[in-house]
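Biologist: Hi! Could you walk me through this one? I'd like to start with the open spaces.
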Amino acid sequence: MRFSVLASGSTGNSIYIETDGYAFLVDAGLSAKRMEQQMESIGRSMKEVNGIFVTHEHSDHIKGIGVLARRYGMPIYANRKTWAAMDGLVGDIPTEQRFHFDMESVQSFGSLDVQSFAVSHDAADPMFYVFHENDRKLALITDTGYVSDRMKGHIHGADAFVFESNHDVSMLQMGRYPWSVKRRILSDVGHVSNEDAAVAMSEVAALKETRIYLSHLSKDNNMKDLARMSVSQTLQTCGIVTGEYVHLFDTDAEKPTELVTV
């Protein structure tokens, strides 16, 4: 199993996952043209993609889905409430390309098992995914106001994480956003802070070779070095040594991460 974070942040989100038999996207939050360019930059073509798994209906996760679905005829997977919320936002997608992926369920594609789980965000029915192939596990979780014990149970012990580290609380509180936006981000249906991400990662990262991609970083209320430091220090305090067992990586909306094997 191989993956690349094609884009991550408030301007667009998408992750590419492939096995020897299948290739999928999780979300397509950039324009269709930009999504095609991101795929080309990792040496892949949108023609190879077997479907898109949708996490929720916010524009930075679905912007390119309608055009890509119509252009390439690929299946789109989402739960029922998310499909209803996307109506009018993604244009017409033929019935035969609309697939339901229920919350807290598993769908299999050859040797790849895809597991959905609920998160806490201000969307109709937001969910993220864990990918299992043989004994390898890739866990994706962003766009959640907190990380519950149930979420931790789903993602625990993954070989690679794409994990939200959205903001530094002090930067957000002192920043230029209106209080209504700050309150939304800090709420249980907002976004995970560096500090909360660090604590959650210390509870789910196993003492084995693990890759952590800190994602959905705010351009206004965070810095890559600050996010990395927050997570690294907490992990080290818990006896998990970064650089030995755990390797931290940055993501952004402009440059895809390297295509790597889980």
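Modeller: Happy to. First a term: a pocket here is an open set of grid points with protein on both sides within 12 Å along at least five of seven lines, and its lining residues have an atom within 4 Å of a point. Keep in mind that this is a predicted model.

Biologist: Got it. Which residues lie nearest the centre of the largest pocket?
Modeller: Those are Ser10, Asn166, Arg184, His191 and His216, out of 16 residues that line the largest pocket. The space in there is about 220 Å³.

Biologist: And how does that lining divide into nonpolar, polar and charged?
Modeller: For the largest pocket, eight lining residues are polar, five are charged and three are nonpolar.

Biologist: What volume does the second largest pocket have?
Modeller: About 160 Å³. It is lined by 13 residues, and Leu217, Ser218, Lys219, Lys224 and Asp252 are the closest to its centre. By class, that lining has seven polar, three nonpolar and three charged residues.

Biologist: Now the closed spaces. How many cavities of 30 Å³ or more are there?
Modeller: The count is one, with a volume of about 80 Å³. Of its 14 lining residues, Asn13, Ser14, Ile15, Phe128 and Thr142 are the closest to the centre.

Biologist: Which elements give two or more residues to that lining?
Modeller: β1 and β2 do. As for the classes, the cavity lining has six nonpolar residues, seven polar and one charged.

Biologist: Let's change topic to the sheet. What's the strand order?
Modeller: The order is β6-β5-β4-β3-β2-β1-β14, in an open sheet of seven strands with mixed pairing. At the edges are β6 (98–100) and β14 (260–261), each of which pairs on one side only.

Biologist: Do tell me about that β6 end: how many bridges join β5 to β6?
Modeller: Three, and the two strands run parallel, with β5 covering residues 76–78. In that pairing, Ala78 stands opposite His100 of β6.

Biologist: Which strands does helix α1 lie across?
Modeller: Helix α1 (residues 32–41) lies across β1 (2–7), β2 (14–18) and β3 (23–26), and runs at about 140° to β1.

Biologist: Last bit, the whole chain. How many helices and strands?
Modeller: Nine helices and 14 strands. The radius of gyration is 17 Å, close to the 18 Å that the globule rule gives for 262 residues, so the chain is as compact as a globular protein of that length.

Biologist: And what does the C-alpha trace span?
Modeller: Along its principal axes, about 50 × 45 × 35 Å.

Key: Residues are numbered from 1 along each chain as its sequence is written. This is a predicted model: local features need pLDDT of at least 70, side-chain atom pairs count only at pLDDT 80 or more; totals for chains, interfaces and linings use all residues. Side-chain values use heavy atoms; hydrogens and water are left out. Two strands pair if DSSP finds at least two bridges between them. Helices (H or I, at least four residues) and strands (E, at least two) are DSSP runs, numbered from the N terminus. Contact means heavy atoms within 4.5 Å. Axes are lines fitted to C-alpha atoms, for helices over the stretch in contact, and angles run from 0 to 180 degrees between N-to-C directions. On a 1 Å grid over the protein atoms alone, a cavity is a set of points where a 1.4 Å probe fits but cannot get out, and a pocket is an open set with protein on both sides within 12 Å along at least five of seven lines; lining residues have an atom within 4 Å of a point. Grid points are joined across faces, edges and corners, and a volume is the space filled by probe spheres set on the points. Ala, Val, Leu, Ile, Met, Phe, Trp, Tyr, Cys and Pro count as nonpolar, Asp, Glu, Lys and Arg as charged, and the others, Gly among them, as polar. The radius of gyration is taken over C-alpha atoms; the globule rule is 2.2 Å times the number of residues to the power 0.38.
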